[in-house]
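Student: I have a model to go through. Can we take chain C step by step?

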Amino acid sequence: MIRNVIGVKSSAALWAGAVALLAGTVSAQQVLINATGATFPYPMYSKWFDVYHKKTSNVQINYNSLGSGAGVQQVTAGTVDFGASDMPMTDVELKAFKDKNGCGVLHFPTVVGANVPAYKLAGVSQPLNFTGEVLAGIFLGKITKWNDPALAKDNPGVKLPDANIVVVHRSDGSGTTFVWTDYLSKVSPEWKSKVGAAKSVNWPVGLGGKGNEGVAGQLETQPNSLGYVELTYAIQNKMQYGKVKNAAGVFLLGNLAGVTSAAGGVKDMPEDFRVSITNAPGKDAYPISSFTWLLIPEKIKDPAKKKALADFLRWMLTEGQTQTERLNYAPLPKAVVSQETKAIAKIQ
Amino acid sequence: MAGRPRSFHLLRRKAVNAVMLSLTGLCTFIAAGTLVYILGYLFVHGAKSLNWDFFTKLPTPVGETGGGMANAILGSAKLLLLATVIGVPIGFMGGVYLAEFGGNTFAFIVRYVTDLLNGVPSIVIGIFAYTLIVLPQKHFSTLAGGIALSIMMIPIAIRSSEEFLRAVPLALREGAMALGASKSKAILTVVIPAAKNGIMTGIMLNLARVAGETAPLLFTSFGNRFWSPGWNQPTAALPEMIYNYAKAPYEDWHQQAWSAGFVLLTLILAVNIVARLILSRQAHVSR
Amino acid sequence: MNAPTTTAIEARPSGRAQSFRQRLRAGDDLTYLVTLIAASSIVAITGLLVYELYINSAASRHQFGWAFLTTSTWDPVAGQFGALPFIYGTVVTSALALFIGIPLGVGAAIFLAELAPPKISSGLTFLIELLAAVPSVIFGVLGIFILIPILRTFEEPIRKTLGWTPLFQGPFYGVSMLAAGVVLAVMIIPFIISISREVILAVPNDQREAALALGATRWESTWDVVIPFAYKGITGSIFLALARSLGETMAVTMVIGNDPKIHASLFAPGYSIAAVIANEFTEATGDLYTSALIELGLVLFALTIVINGAARILVASTSQKGGS
């Protein structure tokens, strides 16, 4: 009947094409792993997974950066093999995971990154200085203009325009948001009581961008805008970003040294690696730093995937750590690496 | 109208006439002009960024240039193939039912429900496919994406099949019957081939419409930076790549988004133009 | 053209019943059965869709009840979900789209149906109908890279002329309900033009000629005679365009600004139902959040069904009346 309708030649072509496409089935050796989560470390992860794929040629880790919220949600729902998040899972989320999957979930830190206040301001060439209170005021909507006295006080001699500050934040569930709001909660009691710290908050003001990429995109096209992005995004897109005053009173630009110092200040890394390093003490510590974690289920049924993931983790903790600085992420402190290597055994 | 007194009233009516009619011309100019502008911009920008890498390479890590969308092109092709294989037979046979056995209450219900399904926003269909297929299967897949797209194809396939089948003249059917064919034989060997042009163009137009759909893919086929073998893995697709790349800050990704938009739109418009030409030529012939 | 249901003319002379095997070979029953199954599966799929939407939004429906539709807080942290900002954004952007689209669309339809020579009319209509084939995501890309910069340059003139209304006050960021409304207008105009033109063409010629014979100008005959005749169909096309714009996802997501708050000004960013589902669905942690989003989907579904239904009735009633 198909022959009648569309002719012999075209039906043959159709079948041939269909067979060809269907022939692309999974070959026996390939291990395909799917993951989603944070956009914060996405530049690092996409590089790592690409390099790892070239190295092993049969392990393919497909990472879709949809935000930390998606990372937690999808790994809990079981639709991806592992997740990634810049905010450690809360006790509520851990319990939900256990209820749904019958086992726990492990946190594996990968890199340490910086969250920077990026902006697009014409006529300003030097990085601006921001204090925690000023940033809280801007994101609360109380400081609305670039030439507000509070900003001017920290930036003597800089010609700040009389323009509205266009606040840009994340519209999706974001670990980067958690790091930012965690810092603001620590330095501003008003922020802590009015908004709080979480992956998704009730923003008083501002435009929403999806992912670090979306926020960076907004900042690029919106004059007089201010938002928060991971350091790599600011550098890769040649954006302006400012210095933040740390707990010791020093204005620091987000960079490897500052982030490493903040991470190094962790005296007792908890067994499950869930820790916050924002507003870390020390005059060299960059105040808005954070670990970022892979969320891997304790029990992995597929033996090939389990082996592949464990191998990847070992590679990541050794070879992978040497590649982080090129992309402006700080490698993990040595103590954390050895603690983590031991923890790989927990994956069953 | 010689001899009629030229009153102010008449002059005013004539003025209104001239003004309003030219305004409608302006409206048309704006509408058609927008299309020309859109297409022109897309073609110029897209063609500029198009290169061989786009068709042959896989996406590169974030921040590195030189990647392509080869896997997205294949991914879209697979999704559309699956959608067609599922959606067209169901839609077509449903159309046969309505055209040949319709007229009762059940047929009325089917038509009503078809219209309902047609009006469902594509994002809602995405939710449906997610809860129906992705959650129980516990992974994102080409299969889920293909099924979501097929659900979008079905209502249009039914309606257009029914329309073209009904358009076949009664004389043909009765001729077949008079020669001794059973009803189903008449349908299979006479009516359907007679309507085949219309049905094929209907499928083409349907395909072109579904090819550009992004929303249902967001929670089903999910996206993939690598090749996606088989049907049970997530896959990249052209519209989804365009969406992700356009929102990002990387200039290289913007270029690729333009290229992808150019390729996608060219294919969609080409299919549309061919389909409509076939239809209009057929309309001429049968008149 | 309606093919009347053909009577089942037996292949054999009547009076002799066919055996089961003979009927099977004739295939009538099989064909009937197969096509019936196909048709029923459509009903089943749609039923399943409604069922899934209803069941999976249960947590949210039980928690909030009807207040879901009137609350304007959307706070995932506190677990407070209200649909009002999204309903507002959806309605406002669609209203703006209609406000721009109806005059342009109906005007163009009149030109194409009444004034343009047939070849130009069909040629231009062909072109305009191609606009309907452009995918939403491409409109989104064009919105980001072309429309928003254009709107930014026009911000001052608009503010000067219309800034006295609350609709055009406040800061403008490019991404806004205005941008979303304009993009939607461009997307729905082809539908309005296509259907309205057909409906106007279907108005019998004697109506026009009668008006002209009575001394009406071309415009008067069109506006006072033809349009009222085609009124229902044109309104139907507007409803269809509205239904389409309510469900539009990608183009709106990319230019509306993603702010779940209610602002009076069109310059402000907003959020639509489809856009929030697209952005937040994959990361909605917890049952309440997910079911709130699905309930939003249900609301959108209900809205588009009602409007589509009204549209079909209107278009159908005109084509019955106007066709001769």
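**Chain C: fold, partner and core**

Student: How many helices and strands are there in chain C?
Tutor: This is a predicted model: local features need pLDDT of at least 70, side-chain atom pairs count only at pLDDT 80 or more, and totals for chains, interfaces and linings use all residues. Residues are numbered from 1 along each chain as its sequence is written, with chains lettered from A and ligands numbered from 1 in the order in which they are written. Helices (H or I, at least four residues) and strands (E, at least two) are DSSP runs, numbered from the N terminus. Chain C has 12 helices and two strands.

Student: What share of chain C counts as buried?
Tutor: A buried residue has 20 or more other C-beta atoms within 10 Å of its own, all placed from the backbone. Of the 324 residues of chain C, the buried share is 51%.

Student: Which helix of chain C gives the largest share of the side that touches chain B?
Tutor: Contact means C-beta atoms, placed from the backbone, within 7 Å. By that rule 76 residues of chain C meet 79 residues of chain B. With 17 residues, the largest share on the chain C side comes from helix H2 (residues 28-56).

Student: Which helix gives the largest share of the largest nonpolar core?
Tutor: A nonpolar core is a set of buried Ala, Val, Leu, Ile, Met, Phe, Trp, Tyr and Cys residues joined through C-beta atoms within 7 Å. The largest one holds 289 residues, and Ala179(C) is among those touching the most other members. The largest share, 18 residues, comes from chain C, helix H7 (residues 177-201).

Technical notes:
Two residues are in contact if their C-beta atoms, placed from the backbone, lie within 7 Å. A residue is buried if 20 or more other C-beta atoms lie within 10 Å of its own, exposed if 12 or fewer, and partly exposed in between; C-beta atoms are placed from the backbone.
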